[in-house]
Each structure stands twice: as C-alpha cells, then as structure tokens.
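Here are a few notes from a look through this model. Have the structure open while you read.

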Amino acid sequence: MSENKPAASSQLTKPTKLVGVKGMNDILPPDSARWEWFEDKVRQLMARYAYRNIRTPIVEPTALFVRGLGEVTDIVEKEMYSFDDRLNGEALTLRPECTAGVVRAVVEHNLLYEGGKRLYYMGPMFRHERPQRGRYRQFHQVGAEVLGFGGPEVDAELILLASALFKELGLTDIRLELNSLGQPNERLAHRAALIAHLEQHLDLLDEEAKRRLHTNPLRILDTKNPALKEVVESAPQLLDFLGEASMAHFNALRAMLDANGLAYTINPRLVRGMDYYNLTVFEFITDSLGSQGTVCGGGRYDYLIEQVGGKSAPAVGWGLGIERLLELVKEQSEPMAALAPDVYAIIPDVASLPLALQVIETLRAVGVAVQMHAGSGEGMGSMKSQFKKADASGATFGLIFGADEMASGQVTVKSLRDGVGAQRLQDLALVADWAHTLQSTH
Ligand code: ATP
Ligand code: MG
C-alpha cells in the first residue's frame with residue numbers, strides 16, 4: 001500500500017524530469033506520417049499476395065525463444081529482455097522476433113489443420129543491443145511467414161513480395177543475397193570440416209568464437225568481428241556439402257527468381273542469426289546505411305514447428321526492420337506531401353463555439369479533415385493569430401465562424417492557397433454539399 005502512495009513532500013519538491021528507456025524511441029509527428037504511409041502500403045501489398053494478418057502477444061514464455069531460436073545465438077545469449085512475472089513466477093521474455101510466436105500460435109490454434117497458411121505481422125520487437133544508427137532496443141518489424149508448404153515456389157513468392165514492397169516504396173538500391181543451408185544431416189558433414197578448419201586457426205579466433213567452436217560453429221560465420229574475416233572467408237562452404245534434393249530446391253528457386261528478372265548474388269557465407277533455418281536463406285542489403293545495412297532477412301525453417309511441439313510441417317518467412325527501411329525511404333524516396341487538413345476553422349468568439357463545433361462535426365462526418373482553432377482557455381485569441389495558425393496548418397480553406405454571419409445562417413469561406421485570399425459567404429445549411437465539391441477536387 002504505502003509504496004503506491006505519493007510521498008507527502010512530493011508536491012513541494014520539483015519533480016525530476018523522466019526520460020524514456022535508452023534505445024527505445026518515440027515516433028513523433030511529422031515522422032509518424034511516414035510510418036502510417038508505410039503501414040498502409042504493407043497492408044495493400046499483403047492483400048494483393050493474399051497474406052493474412054496475425055497479431056501475437058509481445059510477451060511470450062522464455063522457453064519458446066530458447067528452444068526456437070537456439071541457445072547458442074546472439075539473441076538468446078545476450079539480447080533478450082527476460083524477467084520473472086512478479087505475481088506467479090512465470091519466466092517471460094519480450095519478443096526479440098516474431099517467427100517463434102507465430103509458430104506457437106499456429107500450433108496452439110491448429111491453423112494448419114485445413115492446409116497451409118500465408119501470414120504477416122507488424123509490430124515492436126525488443127533486443128538488448130548497443131543502441132546506434134539502425135540498431136535499437138525497441139525496434140519494429142514487418143514479417144511474412146508461409147507455413148505448411150515445402151516447395152521452392154513459396155520461397156520465391158516471399159522474396160518477390162519483399163522486392164515488390166521495396167519497389168512500392170520507391171527504393172532501388174537494395175540487393176539480394178541468397179544461400180542454401182541444406183538439411184541437418186548435410187550440415188553435420190560440413191560442421192566437422194568447419195571445426196577442423198577453425199581449429200587450425202585457433203589463435204585468430206575471439207573469445208566468442210572459441211566458445212562456439214564446439215557448440216555452434218556455423219554461428220561463427222555470422223560474426224560481426226572484422227578480425228575474423230579471413231578465417232571465415234577461407235572456411236569450407238556449406239553449398240559444397242549439399243545433396244541432390246537440396247540443390248534441386250535451390251536451383252528451382254533460382255530459376256523462378258531469374259524468370260522474374262530479380263537479380264541476386266549467392267553468398268556462401270550467409271548463415272543468418274538463428275538456429276532454425278534450413279535450405280533457403282536470404283538477406284536484402286543496402287550500402288546506404290553504413291554497417292547496419294541488412295533491411296530484411298529470412299529463410300526456410302522446416303523443423304521449427306516440430307521443435308515447439310507441433311506436428312511436423314515445412315515453413316518459410318522473412319522479417320524486415322522498419323526503422324532501417326524508413327531511414328532509406330527518407331534518404332532515397334520522393335518526399336511525402338506534408339499532412340495538411342482541408343479546412344482550418346477560425347472561431348472569433350467563444351460564444352460561437354457550440355454552433356461552430358456542430359458544423360465542424362458535420363464536415364468531419366462527410367470526410368473533410370478539419371483542424372479546429374483552440375484557445376488558450378481565456379478566449380479564442382486574436383483574428384491575426386488565428387489566421388497565422390490557419391496558414392501554418394497548410395489547410396486549403398479557412399472557415400470563419402463569425403457571430404454575425406452565423407446569426408444570418410452563414411459562414412465565411414476564405415481560400416488560403418491562392419495568395420489572394422478570396423473570400424465569400426456560404427450557407428450553413430449547404431456547407432456539407434460544398435464540402436463534397438471540395439473533396440472531389442483533391
Ligand atoms: P543484425 O545482423 O543487423 O543484427 P539480425 O540478423 O539480428 O540483424 P534479424 O533477426 O534477421 O536481424 O531481423 C530482421 C531485420 O530486423 C534485420 O535485418 C534488421 O533490419 C532488423 N533489426 C534486427 N535487429 C534490429 C535492431 N536492434 N534495431 C533495428 N532493427 C533491427
Ligand atoms: Mg542481431
């Protein structure tokens with residue numbers, strides 16, 4: 001009880017200024033308009049590809065990520081926000097990614113019972129990383145997941161979908177890298193060769209690589225330490241260990257991308273950060289964002305569903321970092337038109353407010369965007385200051401709700417964009433009709 005009660009003295013001392021959590025950003029206007037614009041584009045595009053929206057909780061049982069992503073991964077080893085629920089002791093984690101949650105939900109609700117599913121999500125993810133440009137502790141992803149289909153045609157569809165999104169956003173400077181991780185038994189043969197290679201260069205490995213040498217050597221290929229570049233580049237390549245079926249899957253995917261004119265490079269060292277991948281893996285990368293250049297990454301995860309307790313079924317998907325993508329949009333795409341209301345409502349007197357607000361609501365109900373002038377609490381402010389605000393709002397028209405005009409059933413319409421400020425009277429009864437004509441002109 002007592003800890004919830006404000007201290008008696010708190011009213012006397014000046015409260016200290018609170019700031020947000022490091023690495024977790026506020027998204028403010030006008031930037032938030034870019035986010036809304038982007039989200040609209042995503043929804044439209046997903047509908048065209050017949051992908052359906054899924055929304056899973058931000059908090060999941062910690063075991064889901066440990067089991068799903070793999071214990072020896074960057075995320076599970078050092079990036080998760082994990083905590084015990086104070087009330088019942090449950091071990092919980094803020095989701096660092098959404099694939100595991102989607103798979104959990106699909107299994108829990110038996111969604112594959114009537115066949116495969118194409119799903120997408122958008123939302124915040126949490127990773128305790130060192131904040132820097134393009135790397136935050138709360139960041140946002142769009143993801144697309146296709147579950148229940150094993151053929152390379154869905155790998156192709158997903159890659160084409162991501163590429164269509166970039167095109168839709170006006171981005172051209174994003175390249176595609178592709179690799180195949182094969183199947184677990186093929187990885188095992190490669191693993192032995194990889195360990196032998198790394199053991200020959202023990203002196204060059206960092207602490208992390210040494211620790212992972214016998215637990216998860218493939219992960220060493222995903223290192224961000226430039227000192228390991230040479231060892232990694234000379235390492236045996238997984239592609240050389242793939243059997244016929246894996247190669248056939250890879251080649252079929254390539255043929256479909258080729259037929260669609262989608263260029264890619266094969267990067268034999270592309271392994272991705274999570275354990276759950278097999279066969280196809282890919283990343284979309286830009287050179288315009290410095291070292292945080294991967295905007296989208298994904299691949300096949302045919303064993304994950306079984307891993308979290310479901311009936312074995314193939315799956316493939318990608319996740320895309322919205323902050324990084326929108327940074328690119330800001331740099332490379334056409335500037336977006338600033339958000340402006342259609343109408344700024346100028347209200348000279350407090351006494352006019354009830355009727356003015358009624359008319360304003362009528363306009364809004366028929367789809368006109370109206371910004372209402374708001375006073376300081378002591379009157380509405382001078383006409384001069386109201387006109388200044390109206391200009392600054394970018395509105396096309398000012399509506400002046402003067403007491404005299406309104407008494408005779410009228411309101412003044414002033415054009416704010418033509419420079420002359422042409423002004424005329426409009427019947428209040430007809431204002432909704434006038435608004436319709438206004439709408440058809442923009
Ligand atoms: P990186 O190698 O940059 O750490 P990752 O392999 O950990 O990326 P994924 O788990 O594949 O990233 O997530 C998919 C995408 O989400 C990334 O390509 C990136 O665009 C974005 N992303 C990942 N982590 C962050 C972060 N901390 N802040 C902002 N965006 C991120
Ligand atoms: Mg990472």
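How many nonpolar, polar and charged residues does the lining of the second largest pocket have?

1. This is a predicted model, so keep that in mind for the points below. On the question just asked, the lining of the second largest pocket splits into 13 nonpolar, 7 polar and 5 charged residues.

2. The volume of that second largest pocket comes out at about 530 Å³. It is lined by 25 residues, and the ones closest to its centre are Arg187, Asn216, Asp275, Tyr276 and Tyr277.

3. As for where the lining of the second largest pocket comes from, α6 gives the largest share, with 6 residues. At least two residues each are supplied by α2 (62-69), α6 (184-199), α8 (217-220) and α11 (304-307).

4. On enclosed space, the count is 1 cavity of 30 Å³ or more. The largest cavity has a volume of about 40 Å³. Its lining is made of His190, Leu221, Val232, Ala235, Pro236, Gln237, Leu238, Pro268 and Arg269, which by class gives 6 nonpolar, 2 polar and 1 charged.

5. One helix pair to look at: the axes of α1 (residues 31-48) and α12 (residues 322-332) come within 11 Å and cross at roughly 105°, so α1 and α12 are roughly perpendicular to each other. From α1, the contact uses Asp31, Arg34, Trp35, Trp37 and Phe38, and from α12 it uses Ile322, Glu323, Leu325, Leu326, Val329 and Lys330. By class, the residues of this α1 and α12 contact are 7 nonpolar, no polar and 4 charged.

Terms used
Residues are numbered from 1 along each chain as its sequence is written. Chains are lettered from A and ligands numbered from 1 in the order in which they are written. This is a predicted model: local features need pLDDT of at least 70, side-chain atom pairs count only at pLDDT 80 or more; totals for chains, interfaces and linings use all residues. Side-chain values use heavy atoms; hydrogens and water are left out. Axes are lines fitted to C-alpha atoms, for helices over the stretch in contact, and angles run from 0 to 180 degrees between N-to-C directions. Helices (H or I, at least four residues) and strands (E, at least two) are DSSP runs, numbered from the N terminus. Angles under 35 degrees count as roughly parallel, over 145 as roughly antiparallel, 65 to 115 as roughly perpendicular and the rest as oblique. Contact means heavy atoms within 4.5 Å. Ala, Val, Leu, Ile, Met, Phe, Trp, Tyr, Cys and Pro count as nonpolar, Asp, Glu, Lys and Arg as charged, and the others, Gly among them, as polar. On a 1 Å grid over the protein atoms alone, a cavity is a set of points where a 1.4 Å probe fits but cannot get out, and a pocket is an open set with protein on both sides within 12 Å along at least five of seven lines; lining residues have an atom within 4 Å of a point. Grid points are joined across faces, edges and corners, and a volume is the space filled by probe spheres set on the points.
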